There are 2 protein chains.
Amino acid sequence: MTAQAKSGCPINLALELLGDRWSLLIIRDMMFAGKRHFREFLQSEEGISSNILTERLARLLACGIVTRADDPDHKQKAIYSLTAMGIELLPLLAQIGIWGNRHLPASTAHAGPAKALEQGGSALIQAMQAELAQAHLQQGG
Amino acid sequence: MTAQAKSGCPINLALELLGDRWSLLIIRDMMFAGKRHFREFLQSEEGISSNILTERLARLLACGIVTRADDPDHKQKAIYSLTAMGIELLPLLAQIGIWGNRHLPASTAHAGPAKALEQGGSALIQAMQAELAQAHLQQGG
DNA sequence: GCAACCAGTTGTATTTTGCAATTGGTTTGG
DNA sequence: CCAAACCAATTGCAAAATACAACTGGTTGC
């Protein structure tokens, strides 16, 4: 599953895992939209295909960024959760959003979170990380 | 050249430009290794192909992250420079490096910059951005 | 003037992605 | 109790992106 690394540079290693069009959008949906189910990711505005979603979730699972658990209330549903390693991606997602919002034609409807993160600084990020930990890190989740 | 955006989300827009295995490595090389020439990018450890490099440089050029100028001292050489928009990617690159260094098996030989950025905080980032501006933003460069 | 160097380009094989239809099973509503 | 809707995927195929190697026309250094 994991191809051998082309270099030991931390930026390269991170990009080998997350450097594609979809992986970080999935994590964005977990962080900012509270999505936890396969079907929810599928319904995102960008329109990921189900086979790509399956493959990306498997990869994120394999490298320890998310976990997968059965929904106790619904035998068919799987609940995807962020790990501590995944929650630590928030500052990175925040920088992507801030930069995109500054330099690209983001729609005002979507600009809210980026704007808030830009003004809230590290205090807001830490608060959001605490909330995510609360929602995702519950024993076994 | 620019495909239509799948959504106006700033994270999505940024990922449509930079969400691939190579674009951010090129910018990393400009920021941390001082590379400015086609041949230098080609010699990076990860081994980008020349056709991919050509295409990525063209894209970064088209969206205003880098500029291209003729080397006054060498008719054949092209000098690639970061724009202000490109220099503002440093906080993003920094977060990628910090996260990669914390969670992935980065080699000690490559970990230096990430470690420094983690400890130096925003003061270091601002200092580095000032240096990059000095080197890349000289009138017309 | 010849070898090394420069920024690419070309051609082809391989891999990844996108898209649509489908699967086997579960839950919901009447 | 049965049908329709929902669930997380899987399959097959076409299209696009990527990797790899060879090559191009021109420039520079010795």
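A polar contact here is a pair of N or O atoms within 3.5 Å; within protein, one must be able to donate a hydrogen and the other to accept it, and residues adjacent in sequence count only if both atoms are side-chain atoms. With that in hand, some notes.

1. Ground rules. This is a predicted model, with local features needing pLDDT of at least 70 and side-chain atom pairs pLDDT 80 or more, while totals for chains, interfaces and linings use all residues. Residues are numbered from 1 along each chain as its sequence is written, chains are lettered from A and ligands numbered from 1 in the order in which they are written, and side-chain values use heavy atoms, leaving out hydrogens and water.

2. Polar contacts to the DNA. On the backbone side, an N or O atom of B:K75 sits 2.8 Å from a phosphate oxygen of DNA strand D. The bases get their share too: a polar side-chain atom of A:S50 is 2.5 Å from a base oxygen of that strand, and a side-chain N or O atom of B:N51 is 2.6 Å from a base nitrogen.

3. Who surrounds the strand. DNA strand D has 20 residues around it, the closest being A:R39, A:S50, A:Q76, A:Y80 and B:Q76; "near" means a heavy atom within 4 Å. Of the strand's atoms that come within 4 Å of the protein, 54% belong to sugar and phosphate.

4. Where that surface comes from. At least two residues each come from α3 (38-42), α4 (50-62) and β2 (78-82) of chain A and from α4 (50-62) of chain B. The top contributor is α4(B), with four residues. Helices (H or I, at least four residues) and strands (E, at least two) are DSSP runs, numbered from the N terminus. By class, you get five nonpolar, ten polar and five charged residues, where Ala, Val, Leu, Ile, Met, Phe, Trp, Tyr, Cys and Pro are nonpolar, Asp, Glu, Lys and Arg charged, and the others, Gly among them, polar.

5. The protein–protein interface. Chains B and A touch through 44 residues of chain B and 44 of chain A (contact: heavy atoms within 4.5 Å). They bury about 3900 Å², 73% of it on carbon and sulfur atoms (accessible area, 1.4 Å probe, lost on being put together, summed over both). In chain B, the biggest losers of area are B:I11, B:R21 and B:W99, together 18% of what that side buries.

6. Charges across the interface. There are four salt bridges between chain B and chain A (a side-chain nitrogen of Lys or Arg within 4 Å of a carboxyl oxygen of Asp or Glu). One of them pairs A:E16 with B:R21, closest N and O atoms 3.5 Å apart.

How values were computed: Buried area = accessible area lost by both parts, 1.4 Å probe.
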